[in-house]
Amino acid sequence: MAVSTVVMRALPSPGIAVSPASSSSSSSSTLSCSRVRSSSSKSRLLQVRAATAVEDGESEGSESGSAATIHGRCFVVGDNIDTDQIIPAEYLTLVPSKPEEYQKLGSYAMIGLPAKWGRFIEEGKSKTEYKVVIGGANFGCGSSREHAPVALGAAGVRAVVAESYARIFFRNSVATGELYPVESQGRICDENKTGDYVTVDLELGTLVNHTTGKQYALKPIGEAGPVIDAGGIFAYARKTGMIPAAA
Amino acid sequence: MATVATAAAAAARHNAALLVPKGDGGSLPVLDSGFFGPRVAFVPEFSPTCTQQNASVRAVMAPPQLQQQRSPASSGIVKHALTATEKILARASEKTQLVPGENVWVKADILMTHDVGAPGTIGIFKREFGKDAKVWDREKVVLIPDHYIFTADERANRNVDILREFALEQDIKYFYDIKDRSNFRANPDYKGVCHVALAQEGHCRPGEVLFGTDSHTCNAGAFGQFATGIGNTDAGFIMGTGQLLIKVPPTLRFVLDGEMPKHLLAKDLILQIIGEISVAGATYKAMEFVGSAVDKMTMEDRMTLCNMVVEAGAKNGVVPADSTTFKYLEGKTTIPYEPVSSDGAASFLQEYRFDVSKLEPVVAKPHSPDNRGLARECKDVKIDRVYIGSCTGGKTEDFLAAAQLMAISGQTVKVPTFLVPATQKVWLDLFTLPVPGAEGLTCAEVFTKAGCDTPTAPSCGACLGGPQDTYARMNEICVSTTNRNFPGRMGNKDAQIYLASPYTAAASALTGFVTDPREFLS
């Protein structure tokens, strides 16, 4: 299921607006738009995001999806990355709602991973250079600890793109607004390498790997999108007027 | 009582008033449905990425049968037959019917949190509802410190202080406090592991909805209720409103029939099942356990079953309540409850049938709970230690089983064997209950005779590693009665954990190798 045959929205002419890489990205970050365009050869066709939405019809007129574009290097792992690997239990004494401890949590993100996956955060640093984590099946399985998506978010991850998620991790990611838990159409972790430059475009529903030139389809983020855009369930509820502004 | 009820109602009204009612007169706004779950196909197309070996397990189950497959979008049909889980959620959301996949607002009967989940939850609660906000009901929030208790770690100790401060400020009725860490017996309120404490203290009731900031909250499904784990943000929301938006899960039904062999325990059954369907086999689903073998199970057996459904990815587990449940609850709770069970015509996503008489003791090999293997096929695995404890395998009956096997053997353990009772009650049972067939000796006496470590202070202990000075935290090859064996789970990435029943754990301790309990139980 390599290069997707997902149909893309007609691109505005001079090409896709590629968001510049965030400050933490190291090497040259301005990508040529032409390189991006060539990897999306089917770019003239209609957007069918609505058609790719799986069952469970979206409610008419509801705000769904996100316009977020995330650009940066990816960190690739495999299946069943459980919460003990994402944030080992010994760090759970850190309380996510306290700002200093929130930052500390971030510095320990993925520290429980077996060595074969490589270092997620450089020695001596407290944030990761990887904006996107690419995973296989059942990402985030194990505990209900909200520290897991929080640690990833605090470390600087903006999206996880995985084949499938464990329930509580997905829910916590949305509720906290810490990161976008995006589902790929099929398995993509075997074709992407840690360090590759990628662009995750939630509106178009694509992950483009600029290093390999390949492109992959993503499942729509749906109603989770606006919640995460707003910064989590409480922020969303305030923004949409469900809850008045904080006391 | 009237004052308490009034205060609770007032708090709930205050917090609920923060939710602006919809113009159409609905009492609560419904957040756009669907955002609390990825769009899981109603009939899943996954192929389980199971890592199990294809060992020669005798055919013990009929192939899974797909029940009627309905797409919610096509159903204009009113559905009258409901599963137990659907009934509980229907009642909690005040609906007469609902379908799997639907998002509904449910009222929580109990919200439980512990020393790891509470500080973050409280932080969010105060940030969102105001620093002077009151919880929706001071009798429905149960605070149970249990994770990192007997440690010198300052932050861990501070977290228990945060719990205490909040309990005092909110006048929380159920707070099982501990102040004197050097002697757990000196703390009359302290219980120990939250899930076992919830059961023992009568907070689990059939038909109710229980949320906890811990994945093994599903343990309480043994009481025929809906119980599931949530994160701090959701818990903070419930603290203020007493409600949560959740998606109704479809149910997988597990029919366990036949006579339980004497060497088999509930832990073997759930490991068997997880090995069958994989760690993602029940993602977003409910797992219901019925059958003649389940009917004969004790409450602790049922808790062992439900405790580990989360290891298969499930949302909740459920054993319909019966006379065993009612008997257990006698004297534990005065709150009336209404049991439910699945309608005969209810739809299940899939049904699995097991003949338990044909099953053998199993282990989950490193490093996944679904990495199932027969205990007898692992007999060449030399181990460094044995750990008997946790909400899964540290209950009274778990220790009785282990002690029974050791007493029958008359031998001593070949490796350090750590015993961590789940709660104060369990600890006391170890020192008072006689082990059947051991000539009047108590569990503790049998364990001492066999050379085990002295049963330690009750808590979660090393099940999840914890601070560096946690008792039995380790980096070796271990047979454990706990629930997870992912890399680093018990404190070190290189450790190798074999999950097993208390019988298998005891047998392994006696030989120094992973051992099938039939070596000692004929």
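Two strands are taken to pair if DSSP finds at least two bridges between them. In this predicted model, chain B holds an open sheet of five strands in the order β5-β4-β3-β6-β7, with parallel pairing. Its edge strands are β5 (174-175) and β7 (226-229) of chain B, each of which pairs on one side only. Strand β6 (residues 209-212) of chain B pairs with β7(B) in the parallel sense, over four bridges. Within this pairing, B:Gly212 stands opposite B:Gly229 of β7(B).

Helix α6 of chain B spans residues 232-241. Ten of its ten residues are buried, so the helix is largely enclosed by the rest of the structure. Among the buried residues are B:Asn232, B:Asp234, B:Phe237 and B:Met239. The residue that follows α6(B) is B:Gly242, with a positive phi near 75°. B:Phe237 also belongs to an aromatic cluster. Ring pairs link it there with A:Phe234, B:Trp105, B:Phe125, B:Phe129 and B:Phe166.

Aromatic pairs number 22 over all chains. In one of them, the rings of A:Phe120 and A:Tyr130 have centres 6.1 Å apart and planes at 25°; the angle is under 30 degrees, so the pair is stacked. A:Phe120 lies in the loop between α4 (99-107) and β2 (130-135) of chain A, and A:Tyr130 lies in strand β2 of chain A, so the contact ties together parts that are ten residues apart in sequence. A:Phe120 is buried, at 4% relative accessible area. A:Tyr130 is likewise buried, at 8%. B:Phe150 and B:Tyr190 form an edge-to-face pair, 5.9 Å centre to centre with 90° between the planes. This pair links distant parts of the chain, 40 residues apart. B:Phe150 sits in the loop between β4 (141-143) and α4 (154-170) of chain B, and B:Tyr190 in the loop between β5 and α5 of chain B. B:Phe150 is partly exposed, at 25% relative accessibility, whereas B:Tyr190 is buried, at 1%.

Seven cavities of 30 Å³ or more were counted. The largest has a volume of about 260 Å³. Its lining comprises 29 residues. A:Ser143, B:His114, B:His147, B:Asp214 and B:Leu464 lie nearest its centre. Helices α5 (194-200) and α11 (390-393) of chain B each supply at least two residues of this lining. By class, the lining of the largest cavity has nine nonpolar, 14 polar and six charged residues.

In chain A, an unreviewed UniProt entry lists residues 130-179 as "domain: Aconitase A/isopropylmalate dehydratase small subunit swivel". The end C-alpha atoms of that span lie 13 Å apart. The span is 38% helix and 20% strand.

Notes: Residues numbered from 1 in each chain as written. Chains lettered and ligands numbered in written order. Predicted model: local features only at pLDDT ≥ 70, side-chain atom pairs only at ≥ 80, totals over all residues. Heavy atoms only, no water. Buried < 20%, exposed > 50% of the residue type's maximum accessible area, 1.4 Å probe, protein only. 1 Å grid on protein atoms, 1.4 Å probe; cavity = no way out; pocket = protein on both sides within 12 Å on 5 of 7 lines; lining within 4 Å. Points joined across faces, edges and corners; volume = space filled by probe spheres on them. Nonpolar A, V, L, I, M, F, W, Y, C, P; charged D, E, K, R; others polar. UniProt positions renumbered as here; feature names shortened; annotations may be inferred. Phe/Tyr/Trp six-rings, centres within 6.5 Å; stacked < 30°, edge-to-face > 60°.
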